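Trainee: Could you take me closely through the helices and the aromatic contacts of this model, one element after another?

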Amino acid sequence: MDPSPESVGATPLPEKGKSGSGRSQDGSLQARVLIVDDSYMVAEMLSNFLGKQGCSISYALDGLSALEQIRRQPPDLIIADWVMPSLNGLDLCRQLRQLPEYAWVYYIIMTAREGNDSMERALEAGADEFLSKPFQAAELLTRVRAGLRIVESRRQQYLLKTGQKSPPSPPKSIGLEVGSRQDLVARLPLRVAQARAQSEPLSLFVLRLANLGSLAQGLDADGRGALLKLFRGRLANNLRDGDDLFCYDEGQFIILLPGSTLAAAQIAAERCCQRMIQDPFVVNGRALPVQLQFGAASLMDSDDPKGVALLRRAAQAMRDSRNVHSSVVTAPHPIPVSDRVSGTESSELLKRLQRLEKENAELRRELETRLRQIEDLRQHHQELSLKMQAPAPESTTAGSLARRPLRLRRRKLRQLCLKRQLSRRRPRLALGRLSR
């Protein structure tokens, strides 16, 4: 089996030329941004755009998970959706504003709601900005840049107020913890049981270093170890909090994506591969032509509780030649402007996503209506079957004769009349013969 997974995630935060948050000498944004949204696709779209601007991105699918991440590693800026399970964006903002140690964090509420009333509620809760979906890339970038300048001012005020020389430095993110194959065997059945108990989707994808054998021929043991360490580090730093990362074999990884559909897992794997190969894999001063290969699969009702069938489908999908990505082998260079997501493209993608979500909701309502109609027809059919099986009441002879067709009654009447006529004629004929 050839497994190895991957998901989407964050661009690592450069340390050179950075003091706090803001813009570096090359014009890129240097800030930690936390995206809180229960829609994986929207979070990926925001991450793809801000990550290319130089931001370090982290994810949370609800407000409770976001609070845990904020305590573990405070961000400079938060972009949160309004409507989310467990803890929505408005309540998250209220709780955050009650914690003085995070008073300098810039908070942006993003929602599809419109109107001044929604904006007033967001600002009253403590949000700094209110953006409507679908977002415009230029507008979002302008708000983020302005927010980061405000963050620096708030940070200095916080230092003066508390008398500290510098804010408490959060622990450096080292990416997701990598589990072993034995950890996968123990964790996967638990994830399967949890997804089925909560009626939520579960997906995974397998990612591997496809040409590891040919690359290792030109490397010594140290070079091979450096390549695998670089590959593992980039992979771990490009995953969401809440995803599970496991090393299945040398150069092969499996990532579990709780709450993600098959389409979301495929998008996550695709974008993760693209991000990992944006910069060349340089080992011993030489850029290596790395090839990444992935395959995604989603949990089905007929799958076994251990997830073996799920892994097999992902491994089979990995053999598809369309799921291969080759890295750049030239010297490191910035991302071309043509490759960046423009404002028009982001807007179109968000509009398409909202249209698909609306169509999905309509289809669900139509399906529920059809199911109710089918249930009503089934009950009606059962009632008719019971009535047909019930014994018919006994009918009298008079009643049965009364229910006969009219033509039968007329025929019977003619027969009676004919018999009477014959009975009258026979005596006369008899007397005539005797007289003769």
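Mentor: Helix α9, in this predicted model, runs over residues 262-276 and has 15 residues; from its first C-alpha to its last it reaches 21 Å, close to the 21 Å expected at 1.5 Å a residue. Its buried residues are A264, A265, A268, A269, R271, C272, C273, R275 and M276, a list in which alanines stand beside two arginines, two cysteines and a methionine. As background for reading such a list, an α-helix has 3.6 residues a turn, so residues three or four places apart point the same way.

Helix α6, residues 181-198, can be read in the same manner: it has 18 residues and reaches 26 Å between its first and last C-alpha, close to the 26 Å expected at 1.5 Å a residue. Even with a span close to the expected one, α6 bends by about 25° at R187, and the proline P189 follows within four residues. The buried residues of α6 are L184, L188, R191, V192 and A195, and what covers them includes three strands, β9 (202-209), β10 (244-249) and β11 (252-258), together with the helix α10 (308-318). After α6 comes S199, whose phi is positive, near 55°. R181, which belongs to the residue range of α6, lies over the face of Y248, at 4.1 Å from the ring centre.

A second arginine is placed over a ring elsewhere: the charged end of R234 sits over the ring of F281, 4.2 Å from its centre.

Turning to rings that meet other rings, the structure holds two aromatic pairs. In one of them the ring centres of W82 and F130 are 6.5 Å apart and the planes stand at 90°, so this pair is edge-to-face. It links distant parts of the chain, since W82 is in the loop between β5 (77-81) and α3 (89-97) while F130 is in strand β7 (residues 129-132), 48 residues apart. W82 has a relative accessible area of 3% and is therefore buried, and F130, at 9% relative accessibility, counts as buried too, the cut-off for that word being under 20%.

The other pair, F231 with F253, is tilted, with 5.6 Å from centre to centre and 45° between the planes. Because F231 lies in helix α8 (residues 221-236) and F253 in strand β11, this pair ties together parts that are 22 residues apart in sequence. Here F231 has 0% relative accessibility and so counts as buried, and F253, at 3%, counts as buried as well. Strand β11, which holds F253, is also among the elements that cover the buried residues of α6.

Back at the edge-to-face pair, T111 deserves a look of its own. T111 is found in strand β6 (residues 106-111) and, at 3% relative accessibility, counts as buried. Leaving aside residues up to four places away in sequence, T111 touches D81, W82, F130, L131, S132 and K133, a set that includes both W82 and F130.

Finally, the cysteines: a search of the whole structure finds zero disulfides. C55 is buried, with a relative accessible area of 0%, whereas C247, at 27% relative accessibility, counts as partly exposed. In α9, C272 and C273 are both among the buried residues.

Key. Residues are numbered from 1 along each chain as its sequence is written. This is a predicted model: local features need pLDDT of at least 70, side-chain atom pairs count only at pLDDT 80 or more; totals for chains, interfaces and linings use all residues. Side-chain values use heavy atoms; hydrogens and water are left out. The expected span of a helix is 1.5 Å times one less than its number of residues. The bend at a residue is the angle between axes fitted to the seven residues ending there and the seven starting there. Buried means under 20% relative accessible area, exposed over 50%, partly exposed in between (1.4 Å probe, protein chains only). Contact means heavy atoms within 4.5 Å. Rings of Phe, Tyr and Trp (its six-membered ring) pair if their centres lie within 6.5 Å; planes under 30 degrees apart count as stacked, over 60 as edge-to-face and the rest as tilted. A charge sits over a ring if NZ of Lys or CZ of Arg is within 6 Å of the ring centre and within 35 degrees of the ring normal. A disulfide is a pair of cysteine sulfur atoms within 2.5 Å.
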